[in-house]
Amino acid sequence: MQMPESLSQSQIDELLKRMHSGEVDTEVEKKPKIKEYDFKTPKKFTKEQLKALDGLHENFSRVLSSYFSSILRNVCEVSVLQIEEQRYYEFNNALPDNSLLSILNFKPEDIQYDETSFIVDIPTPLGFMIIERLLGGIGEVFVPNRDFTEIELAMLETILEQVTAYLQDAWCNYLPVKTELGSLETNARLLQVFSPQEIVVLVALKIEVAGTSNVITMCLPAESLEPIVESFKLRYTRANKQQDIEKDKEKREVIIGSIKQSDMEITAILDNFQMTLGDVLRLQVNDVIALDKKIDSDICVLVDDVPWYTAKLGESKLKKSIKLIDIIAG
C-alpha cells in the first residue's frame, strides 16, 4: 500500500486516535549493544583493578619525577601513559635488539602470594642521556652505534637500584613487599622470563626532560598480580567515604608523638658584629671584645636557624641560662 504524500485532516485525526488507543506501535526498536571480545586473549583484570594499578603507579611517577629532576639537574615530569594487557610474546617482539632491560625480583611478605619478576624496559636514548648528564654533559639526545660498556652499565645499575627502592615504597603503602634489582640485560631476544603465551600487564610511564620524551615500560605478570591487586584495590577507589574521626585523631596523635621526639638545634645569639681579619689574627686569650648590645638587652633564640623567641640572658645554679620572653611573629 502506497502512502499518499500528504494526509487530510480526517486521516491525521484517525492516526492520532489509533496511536492513543495503542493500535499503532510508536516505540522504535532498539538494537542491543554488542561488545567485541577476543576469546584468544581473555582479559584478567577489571576496570576497577586497572584503576588500582594506575593509582599505585601515579604515586610512583611523582617520586620518579623528583628523583630524575635531581640527578639530571633539569626539570623532569613522569606520568602514567597507559596500562594494558597483552601476551608476553607481543611485548617481547616489539622490543629492539639493543634494549636496556632490568629484571626486578618482587617478593610479597605474605606467603599466600607468589614471588615473581618484573621487567622494566629503559629506552636506549634515555639510558645514554642519563649517563651523559651524570658525567657532566648537557644531556643531548645521542645514541652511539654500540652497546653499553661495563662502566656505563654499572652507573645505570646504581640508578635502577634506587628506582627499585622507590617502587618498593609505592607498593608497601598497600602491601608489604620486597623488591630488588636482579640483573640488567641488553639483548631482548635472549630474555625468557615468562612463557610466550602468558598474559602480562604493561605499564607505560612517559618521561619528559630537556625537551625530549621517552617511554619506560614495565611488564608485570598477570597471573601473579591478579590476587594481589584484588586484595588492595579498594584502597585506590576514589569514591567519597565517611572519615573515621577517632582513627584520624589516633593518626594525628601518632604523627605528633613522632615529631615530638625529633632533635632540634636551639641557638641563643647575644649580638652580631664584624671584625677585620687583622683584628681576628691578633686576638689572644683573656682579650675582651666590646659588643654593641647591653648585657640586659633582649637576645634572639633560633630554632634550627629560624628566629623563634626573644629572651633574656641570665644565670641559674652558676650556669649561664636564658629566659624566654616572647614568641617572634612569623
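These exercises work through strands, cores and a surface patch in a predicted model.

**Exercise 1. Strand S6 and its partners**

Task: Find which strands pair with S6, and in which sense.

Solution:
- Step 1. Locate strand S6 at residues 212-221.
- Step 2. Look at strand S5, residues 199-209. It is joined to S6 by 10 bridges, and the two run antiparallel.
- Step 3. Pick out one pair here: Val-203 has Met-218 of S6 as its bridge partner.
- Step 4. Turn to strand S3, residues 116-122. S3 and S6 share 3 bridges, again in the antiparallel sense.
- Step 5. Pick out a pair here too: Ile-119 is matched with Cys-219 in S6.

**Exercise 2. Cover and turn**

Task: Decide how many residues of S6 are buried, and describe the hairpin of S5 and S6.

Solution:
- Step 1. Count the buried residues: 8 of the 10 in S6. The strand is mostly covered.
- Step 2. Go to the hairpin, where 2 residues lie between S5 and S6.
- Step 3. Check the backbone at Ala-210: its phi is positive, near 55 degrees.

**Exercise 3. The open sheet**

Task: Give the strand order of the open sheet with 4 strands, and explain why S7 and S10 each have a side without a neighbour in it.

Solution:
- Step 1. Read the order: S7-S8-S9-S10, with antiparallel pairing.
- Step 2. Find the edges. S7 and S10 (319-327) each have a single partner strand, so one side of each has no neighbour in the sheet.
- Step 3. Add the twist, which averages 40 degrees from one strand to the next.
- Step 4. Zoom in on S9 (residues 306-316) and S10: 8 bridges join them. In one pair, Lys-312 has Lys-323 of S10 as its partner.

**Exercise 4. Nonpolar cores**

Task: Identify the residues with the most contacts inside the largest nonpolar core.

Solution:
- Step 1. Take the largest core, which has 51 residues.
- Step 2. Name those with the most contacts inside it: Phe-68, Trp-171, Val-201, Leu-205 and Leu-225.
- Step 3. Ask which element gives the largest share of this core. Helix H2 (residues 47-72) does, with 9 residues.
- Step 4. Note another core, lying apart, of 12 residues. Leu-95, Leu-101, Leu-191 and Val-200 are among them.

**Exercise 5. A nonpolar surface patch**

Task: Place Phe-273 in the chain, and classify it as buried, partly exposed or exposed.

Solution:
- Step 1. Find Phe-273 in the loop between strand S7 (266-269) and helix H8 (277-281).
- Step 2. Recall the cut-offs: buried is under 20%, exposed is over 50%.
- Step 3. Apply them. Phe-273 has 38% relative accessibility, so it counts as partly exposed.
- Step 4. Place it in a nonpolar surface patch of about 720 Å², whose members include Met-275, Leu-277 and Ile-289.

Technical notes:
Residues numbered from 1 in each chain as written. Predicted model: local features only at pLDDT ≥ 70, side-chain atom pairs only at ≥ 80, totals over all residues. Heavy atoms only, no water. Buried < 20%, exposed > 50% of the residue type's maximum accessible area, 1.4 Å probe, protein only. Pairing = 2+ DSSP bridges. Patch = residues over 30% accessible without salt bridge, like charges linked within 9 Å, V, L, I, M, F, W, Y side chains within 5 Å. Areas by Shrake-Rupley, 256 points an atom, 1.4 Å probe, with all protein chains shown as cover. Salt bridge = Lys/Arg side-chain N within 4 Å of Asp/Glu carboxyl O. Core = buried A, V, L, I, M, F, W, Y, C linked by side-chain atoms within 4.5 Å. Axes fitted to C-alpha atoms, helices over the stretch in contact; angles between N-to-C directions.
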